[in-house]
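Q: I would like to learn how to read a few features of a multi-chain model, moving from a single residue to a whole chain. Could we take them one at a time?

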Amino acid sequence: MILESEIWLALVVLLPLAGAILTFMAPRYAPQIGTVSGVIVFGAVVALTLAVVESDATRLTVGGWGAPLGIDLVADGLSTLMLLMTAVVGLAITAYAVGYFGESSAHKRAYFWPLWLFLWASMNALFLSGDVFNLYVTLELLSLAAVALTALVGQPAAVQAAMRYMLVGLAGSLMYLMGVAFLYAEIGVLDIMALASVSEATPPVFVSAALITAGLMMKTALFPLHFWLPPAHANAAAPVSALLSALVVKGSFYILLRLWLTVFAPLGDTFAPYVLSALGIGAIIWGSIQALRQPSIKLLVAYSTVAQLGYLFLLIPLLMDDGADRQAVLSGIVYFMIAHAMAKSAAFLSAGNILHALGNDRITSIIGMSRKMPLTITAFALAGISLVALPPSAGFIAKWLLLNEAIDGGQWLLVVVIIAGGLLAAGYVMRVVGPAFRQVADDQLAVANPVVPASMAWSALGLAILAIVLGFTGVYLLDVLDIGVVILTGGEA
Amino acid sequence: MSDNSYDDVRLTPARRFVLAMMALLVGGLAAAVLSIEEEVIELRDLALGNLEASGVGNPVTAVLLNYRSYDTFLEVAVLLLALIGIWAVAKKARIPIKSPNTPVLITFERLFMPLMIVSGGYLLWLGADRTGGAFQAGAVLGALGVLWVAASLWTPNDRLRRLTRPALVVGMAAFLLVGGGMMLLGGDFFEYPREDAKTWILLIETAATISIGITLVMLFIGGIPPNADQNKGESGDHD
Amino acid sequence: MIDLDTGTFYMLVGTVLFGIGFYGLIAYPHLLRKILAMNIMGIGVFMIFIAAAYGSGEGDPDPVPHALVITGIVVAVCATGLALSLAVQVQALTGSPKLDADKE
């Protein structure tokens with residue numbers, strides 16, 4: 001490394017912001033500047049990952065003060081994996097967007113790029129932040145960028161969905177901030193590790209946990225607070241849908257995970273983790289049933305996100321149980337996040353290709369299209385394999401890890417839910433894949449010669465291939481996750 | 001009932017239910033408030049104790065622009081992001097830029113413009129040691145700009161229009177360059193040299209004041225002002 | 001009566017404002033009302049921070065929450081600006097200041 005590893009922590013936040021400023025200053029060259037920025041940011045995240053793998057978890061003291069007076073940025077195994085997940089999906093979406101927005105109006109082309117780079121910067125800042133108030137600022141950056149991107153297509157349905165997304169997002173942020181206010185009033189610091197070192201199960205801390213968890217649940221769209229997600233994710237432009245479903249919802253979930261492992265660890269033996277788990281079960285069942293009923297592909301994929309997010313919450317009781325192998329539970333959850341990010345972004349990008357080529361994304365329109373759009377349909381099918389969790393996909397490994405821990409913990413209800421969720425996913429994935437592979441005569445196709453720009457077809461397929469290949473490389477990823485992640489037990493004061 | 005009418009505020013059963021839930025929430029929060037103990041850690045003493053090293057005399061400015069300058073940097077980023085978001089969504093300005101020239105408004109404006117510029121600058125300077133700072137100064141300048149727009153002193157052919165975008169980003173760019181530059185020169189991220197921290201802070205604050213002021217004016221206009229865009233035809237693009 | 005100190009009193013007021021704002025956000029469909037309600041929620045939160053800065057009222061107040069509130073206010077202004085802009089756009093596109101699902 002030429003530069004010290006701490007510098008990369010700052011650069012992965014600064015570089016996309018610099019790109020955002022430049023694309024705003026020179027709107028005509030936004031796609032070119034945006035693409036270059038995307039590649040550079042990806043490179044910086046890879047450099048950070050290598051530095052962390054080589055030399056352990058890293059802390060950057062902003063301003064040289066150090067917590068608790070200053071703000072610390074922290075790159076441990078968990079945040080590094082999240083940054084890497086974002087960078088991989090981000091790079092593919094950058095490539096996709098060049099083709100996608102190449103044919104749209106100058107206005108959309110000019111504004112997609114700064115908003116997307118802002119969103120990327122805020123994701124990176126969120127994953128690195130070690131301070132609960134700074135996390136609030138990154139959450140707001142993330143929501144504003146996501147809302148503006150949702151509204152970018154300009155159609156009434158999209159603008160209404162963006163408005164609802166905004167209201168829910170703001171309410172969630174304010175609940176989070178109220179929780180931070182209680183933490184500050186009770187404990188008097190904002191640094192996560194400083195809070196964790198003295199946090200106890202007192203009423204103000206419990207109320208803070210309730211507010212923060214509820215606020216972040218709204219933002220993560222955990223059932224029954226998921227109502228805003230399907231319209232927002234289904235009506236946005238395809239690359240934006242992919243960003244929202246694959247990455248943005250993971251941002252708020254990451255904070256939840258981080259805080260429950262540290263500051264709220266003393267509350268691990270209360271009923272709260274079981275509530276989250278129960279809602280996770282509800283999400284899997286309700287989301288899957290809705291996905292089985294949707295007439296269009298994008299709505300189906302959006303409800304699939306509602307269902308898949310349920311798995312993230314399912315094993316929270318085991319994550320907080322001192323008797324369980326908590327590191328292994330965490331591995332399962334994080335692996336699931338990564339697998340879902342790849343598969344879901346691939347699915348949304350393929351759905352975008354279908355919409356682009358056929359003019360609509362009704363399931364009835366794609367009958368027989370596997371011959372005409374082989375790359376796109378293959379991408380959707382591979383993503384589907386990972387969502388259903390068939391071996392050897394990344395989704396399979398993720399569910400295998402979750403299943404193992406559920407069995408070890410004797411949580412038989414969860415075992416049943418995980419297996420049933422897979423069957424339901426097979427049902428809704430087949431609703432798209434089945435008709436697409438049906439053999440029909442040319443004159444029965446909805447569109448005789450569908451056209452998909454190459455960059456769009458290949459970026460969808462690239463992500464889908466990753467959703468499968470990551471099934472083979474699990475060990476390496478889980479090794480990274482072992483680097484310096486702090487998991488506090490309830491008994492520790 | 002027409003859809004544009006004001007909300008019907010009668011207390012329906014559904015609202016009674018929401019009200020009851022909120023009463024429960026407030027009750028829970030209030031109970032927690034009453035059980036708050038004395039803070040375990042005193043950040044106050046740490047913040048006040050390091051004041052001399054921070055380079056400024058006003059403790060709030062020290063927190064904003066030195067101890068937690070990273071927060072403030074991201075906050076300036078939020079301002080720019082919100083504006084870009086509004087321009088992406090609203091396209092053309094909604095509030096007509098050309099409002100009637102009223103002699104009262106224009107006279108008022110002529111009298112107050114110099115005064116407001118001076119008081120904005122003074123607030124900025126004052127921020128280092130007493131109550132004031134970039135946000136207060138930016139707010140005064142923003143108010144001046146709003147009056148300016150309302151009095152139709154903004155003309156589409158104004159030479160200033162080409163400066164709109166640079167003025168919007170200068171605050172964030174200054175933070176980015178100084179914060180990142182200090183790091184590449186061997187310091188920590190956002191670590192000002194101790195001996196002239198005040199100079200650097202004032203530099204950043206001045207840039208931030210300009211951006212905050214112009215952003216507030218643009219937020220008031222609520223869309224892309226005519227001809228403020230370098231990209232020809234962009235603002236007129238409706239699809 | 002419980003003997004309330006000043007800081008605790010303002011914290012209680014903050015929780016009530018938060019609740020009032022939250023109620024307005026959920027209960028009424030007009031977007032402008034929802035956006036204003038959100039701002040009231042925000043003020044409730046800021047009040048808790050300021051009361052925490054006051055502490056027991058002895059000695060200088062804690063400057064950290066003051067800075068947090070300044071940051072919070074700016075963020076709230078930005079969010080309000082974008083929300084208002086979206087609300088205007090909803091009205092322009094659908095002819096109604098309410099979201100479809102909320103119409104009575």
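**Reading a loop, an interface and a chain**

A: Let us begin with one residue of this predicted model: A:Ser393 has a relative accessibility of 0%, and because buried means under 20% relative accessible area, A:Ser393 counts as buried.

Q: Where in chain A is A:Ser393 found, and with which residues is A:Ser393 in contact once its neighbours within four places in sequence are left aside?

A: One places a residue among the elements and then lists its partners. A:Ser393 is found in the loop between α15 (374-388) and α16 (394-408) of chain A, and, with neighbours within four places in sequence left aside, its contacts are A:Ile385, A:Ser386, A:Ala467, A:Ile468 and A:Gly471. A:Leu470 stands 77 residues from A:Ser393 along the chain, yet the C-alpha atoms of these two residues are separated by 6.9 Å.

Q: What should I look for in the backbone of that loop, beginning with the bond that joins A:Pro391 and A:Pro392?

A: The omega angle is the value to read for a peptide bond, and the bond joining A:Pro391 and A:Pro392 is cis, with omega about 5 degrees; A:Pro392 belongs to the loop between α15 and α16 of chain A. The loop between α15 and α16 also holds A:Ala389, a residue that is not a glycine and nevertheless has a positive phi of about 75 degrees. With a relative accessibility of 13%, A:Ala389 counts as buried.

Q: Which peptide bond leading to A:Pro68 is cis, and what is the phi of A:Asp56?

A: The bond in question runs from A:Ala67 to A:Pro68 and is cis, with omega near 5 degrees, and A:Pro68 lies in the loop between β1 (58-61) and β2 (72-75) of chain A. A:Asp56, which is not a glycine, has a positive phi of about 80 degrees and is found in the loop between α2 (30-55) and β1. Its relative accessibility of 45% means that A:Asp56 counts as partly exposed.

Q: How many residues of chain A are in contact with chain B, and how is the area buried between the two chains read?

A: An interface can be read by its contacts and by its area. Here 59 residues of chain A are in contact with 58 residues of chain B, and the area buried between these chains is about 5,400 Å², with carbon and sulfur atoms giving 73% of that area. In chain A, the residues that lose the most area to chain B are A:Phe24, A:Trp65 and A:Leu69, which together make up 15% of what that side buries.

Q: What is the order of elements in chain C, and is chain C compact or spread out?

A: One reads the elements before the overall dimensions. Chain C has 3 helices and 0 strands, running α-α-α from the N terminus on. The radius of gyration of chain C is 17 Å, well over the 13 Å that the globule rule gives for 104 residues, so chain C is more spread out than a compact globule. Along the principal axes, its C-alpha atoms fill a box of roughly 55 × 35 × 10 Å.

Q: What do burial, contacts, surface and charge add for chain C?

A: Of its 104 residues, 56% count as buried, and among contacts with a separation of 6 or more, 58% come from residues 24 or more positions apart. Chain C exposes about 4,100 Å², 66% of which is supplied by carbon and sulfur atoms. Its side chains include 4 positive and 8 negative ones, and the centres of these two sets lie 26 Å apart.

Technical notes: Residues numbered from 1 in each chain as written. Chains lettered and ligands numbered in written order. Predicted model: local features only at pLDDT ≥ 70, side-chain atom pairs only at ≥ 80, totals over all residues. Heavy atoms only, no water. Helix = DSSP H or I, 4+ residues; strand = E, 2+ residues; numbered from the N terminus. Rg over C-alpha atoms; globule rule 2.2 N^0.38 Å. Buried < 20%, exposed > 50% of the residue type's maximum accessible area, 1.4 Å probe, protein only. Contact = heavy atoms within 4.5 Å. Areas by Shrake-Rupley, 256 points an atom, 1.4 Å probe, with all protein chains shown as cover. Lys, Arg positive; Asp, Glu negative; His and termini not counted. Charge placed at Lys NZ, Arg CZ, Asp CG, Glu CD. Buried area = accessible area lost by both parts, 1.4 Å probe.
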